[in-house]
Amino acid sequence: MAATTGVLRLRHNKKSPNAEQALKMLQELQREFAPLLRNRNWTVDELVEMCCCSEHSGGVKRSPGIAGMCHSGERGRSSSRIEIRLRVAADHAQFLDYEGYVVGTMCHELSHIVHGNHSSDFYRLMEELRNEFDKTRASAGADGAGTFAGEGRKADT
């Protein structure tokens, strides 16, 4: 049996304004990064919307200056959780730019699967991931596997 790769679960801030938009952004990350994660045989157990206040993030308060966090998993293979900021800190209604900010942050956090520190190897991998993402995202399809889901099929989350 093949090992499971990709983002396995999503969690967004259901109590924040426009919660459905946040979930859609997480689903888009899950889908668009699926080929990259599959190619590298990587797994992210959970992709979580990060918030600056404990009210909207299950009691966990994060500094407004932090864009994301990668929690440990098996070095070189997985992350137990990646938290990613989708909204402007302290403004729960305004979303950050997907292309210019969120995708770059995801590449940064994925690089921590291999490199724990911000070494030159880390930044080389981050650039490599962004380039690979740009090449593979068009092939992700609606289900992240290179095919498009038929009518009535529900994406797994």
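A cavity is a set of grid points where a 1.4 Å probe fits but cannot get out. In this predicted model, the largest cavity holds about 30 Å³ of space. The count comes to one cavity of 30 Å³ or more. Its lining is made up of Met50, Cys51, Cys52, Arg85, Arg87, Val88, Ala89, Ala90 and His92. By character, the lining residues of the largest cavity divide into six nonpolar, one polar and two charged.

The protein chain has three helices and five strands. Along the sequence, these elements follow the pattern β-α-β-β-β-β-α-α. The chain has 157 residues, and 43% of them count as buried.

Strand E2 covers residues 43-50. Seven of its eight residues are buried, so strand E2 is largely enclosed by the rest of the structure. Three pairings of strand E2 are described here, with E1, with E4 and with E5.

Strand E1, residues 6-11, runs parallel to E2 and is joined to it by five bridges. Within this pairing, arginine 9 stands opposite glutamate 46 of E2. Between E1 and E2, the chain passes through helix H1, residues 19-40. This β-α-β crossover is left-handed. A second contact point in the pairing involves arginine 11, which stands opposite valine 48 in E2.

Strand E4 consists of residues 78-79. Two bridges join E4 to E2, and the two strands run parallel. Threonine 43 has serine 78 in E4 as its bridge partner. Strand E5, residues 81-85, also pairs with E2 in the parallel sense, over four bridges. Here leucine 47 stands opposite isoleucine 82 in E5. As a general rule, side chains in a regular strand alternate between the two faces of the sheet.

The loops on either side of helix H1 each hold an asparagine with a positive phi. Asparagine 18 lies in the loop between E1 and H1. Its phi is near 55°, a positive value in a residue other than glycine. Asparagine 41 is found in the loop between H1 and E2. For asparagine 41, phi is about 60°, again positive although the residue is not a glycine. Most residues other than glycine have a negative phi. How buried or exposed are asparagine 18 and asparagine 41? Buried means under 20% relative accessible area, and exposed means over 50%. Asparagine 18 has a relative accessible area of 35%, so it is partly exposed. Asparagine 41 stands at 32% relative accessibility and therefore also counts as partly exposed.

Aromatic contacts were examined next. The structure holds two aromatic pairs. One is formed by phenylalanine 33 and phenylalanine 133. Their rings lie 4.3 Å apart, centre to centre, with 25° between the planes. This pair is stacked. Where do the two partners sit in the chain? Phenylalanine 33 lies in helix H1, whereas phenylalanine 133 lies in helix H3, residues 120-136. The pair therefore ties together parts that are 100 residues apart in sequence. Phenylalanine 33 has 0% relative accessibility, so it counts as buried. Phenylalanine 133 is likewise at 0% relative accessibility and counts as buried.

The other pair joins phenylalanine 122 and tyrosine 123. The ring centres are 5.0 Å apart and the planes meet at 90°, so this pair is edge-to-face. Are its two members buried or exposed? Phenylalanine 122 counts as buried, at 0% relative accessibility. Tyrosine 123, at 41% relative accessibility, counts as partly exposed.

Proline 35 is placed in helix H1. The relative accessible area of proline 35 is 4%, so this residue is buried. Proline 35 and phenylalanine 133 are 98 residues apart in sequence. In space, their C-alpha atoms are 8.2 Å apart.

Key: Residues are numbered from 1 along each chain as its sequence is written. This is a predicted model: local features need pLDDT of at least 70, side-chain atom pairs count only at pLDDT 80 or more; totals for chains, interfaces and linings use all residues. Side-chain values use heavy atoms; hydrogens and water are left out. Buried means under 20% relative accessible area, exposed over 50%, partly exposed in between (1.4 Å probe, protein chains only). Two strands pair if DSSP finds at least two bridges between them. A crossover is right-handed if, with the strands pointing away from the viewer, the path from the first strand over the helix to the second runs clockwise. On a 1 Å grid over the protein atoms alone, a cavity is a set of points where a 1.4 Å probe fits but cannot get out, and a pocket is an open set with protein on both sides within 12 Å along at least five of seven lines; lining residues have an atom within 4 Å of a point. Grid points are joined across faces, edges and corners, and a volume is the space filled by probe spheres set on the points. Ala, Val, Leu, Ile, Met, Phe, Trp, Tyr, Cys and Pro count as nonpolar, Asp, Glu, Lys and Arg as charged, and the others, Gly among them, as polar. Rings of Phe, Tyr and Trp (its six-membered ring) pair if their centres lie within 6.5 Å; planes under 30 degrees apart count as stacked, over 60 as edge-to-face and the rest as tilted.
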